[in-house]
Amino acid sequence: MKISLIGYMGSGKSTIGPELAVLSGLDYYDLDAEIEKHTGYTITETIFNKGELYFRKLEREKLHEILAKDNFVLSTGGGTPCYYDNIDVINKNSLSIYLQYNVKELFERLKGNTAERPLIAHLEGEPLQEYIGKHLFERSTYYDKATVVIKAGKLSNLEILKEIKNY
Ligand code: S3P
């Protein structure tokens, strides 16, 4: 079984992922953590020092490496499915699960919680909400291609895990 969690920043991919892996007896990978291990730098440092394009190439490389393995849960980064043909590769090689939240829910989850997220670290209040709205709209084309969509906004982590298990 190969499972990839996808979704916007702050959608809980890195919280649900390890729990799902333990429950299912699968290995766990966090794509950002794998990139950090590889470079020796935080994602923020990599994006600021080398640029986003460099980061996206590395992200694709690591994604392919992990998808070639077996028996895992993978938490992707919020942008992973939205570059190159990543979403098709994810869908071909794993069961993709989209943790879906609306703009307001994401804003509530992300506000005061942006420091380690280089794309939104400089934003707060209304500009942050506006950014999320526009960005989510652009990215939804990719997220909506997931095989399973979980409307996670009103669910506890346990309920999300149950929905995934039921599926
Ligand atoms: C990004 C999301 C981040 C990280 C990078 C870019 C994005 O991961 O990969 O900062 O483009 O949405 P999280 O979704 O875990 O915050």
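This report describes the fold, the ligand surroundings and the annotated binding-site residues of a predicted model.

**Overall architecture**

The chain comprises eight helices and five strands. Read from the N terminus, these elements follow the order β-α-β-α-α-α-β-α-β-α-α-β-α. The radius of gyration is 15 Å, close to the 15 Å that the globule rule gives for 167 residues, so the chain is as compact as a globular protein of that length. The C-alpha trace extends over about 40 × 35 × 25 Å along its principal axes. Buried residues make up 32% of the 167 residues of the chain. Among contacts with a separation of 6 or more, 74% join residues 24 or more positions apart.

**Surroundings of the ligand**

The ligand is surrounded by Met9, Lys13, Ser14, Asp32, Ile43, Gly77, Gly78, Gly79, Arg117, Pro118 and Leu119. By residue class, this shell consists of four nonpolar, four polar and three charged residues.

**Annotated positions**

An unreviewed UniProt entry lists Gly10, Ser11, Gly12, Lys13, Ser14, Thr15 and Arg117 under "binding site". The same feature name, also from an unreviewed entry, is placed by UniProt at Asp32, Arg56, Gly78 and Arg139. The table gives the neighbour counts for four of these annotated positions.

| Residue | C-beta neighbours within 10 Å | Class |
|---|---|---|
| Gly12 | 18 | partly exposed |
| Thr15 | 14 | partly exposed |
| Gly78 | 22 | buried |
| Arg139 | 18 | partly exposed |

Gly12 occupies the loop between β1 (2-6) and α1 (13-24). Apart from residues up to four places away in sequence, Gly12 touches Leu99, Ala152 and Asn157. Thr15 belongs to helix α1. Thr15 has 14 other C-beta atoms within 10 Å, and because this count lies between the limits of 12 or fewer for exposed and 20 or more for buried, Thr15 is partly exposed.

Gly78 is situated in the loop between β3 (72-75) and α5 (86-93). Its 22 C-beta neighbours inside 10 Å reach the threshold of 20 or more, and Gly78 therefore counts as buried. Beyond residues up to four places away in sequence, Gly78 touches Gly7, Tyr8 and Met9; Met9 and Gly78 are both listed among the residues around the ligand.

Arg139 is part of helix α7 (residues 125-143). With neighbours within four places in sequence set aside, Arg139 is in contact with Tyr8 and Cys82. Tyr8 is thus a contact of Gly78 and a contact of Arg139.

Key: Residues are numbered from 1 along each chain as its sequence is written. This is a predicted model: local features need pLDDT of at least 70, side-chain atom pairs count only at pLDDT 80 or more; totals for chains, interfaces and linings use all residues. UniProt positions are given in the numbering used here, feature names are shortened, and annotations may be inferred rather than shown by experiment. Helices (H or I, at least four residues) and strands (E, at least two) are DSSP runs, numbered from the N terminus. Two residues are in contact if their C-beta atoms, placed from the backbone, lie within 7 Å. The radius of gyration is taken over C-alpha atoms; the globule rule is 2.2 Å times the number of residues to the power 0.38. A residue is near a molecule or strand if its C-beta atom, placed from the backbone, lies within 6 Å of it. Ala, Val, Leu, Ile, Met, Phe, Trp, Tyr, Cys and Pro count as nonpolar, Asp, Glu, Lys and Arg as charged, and the others, Gly among them, as polar.
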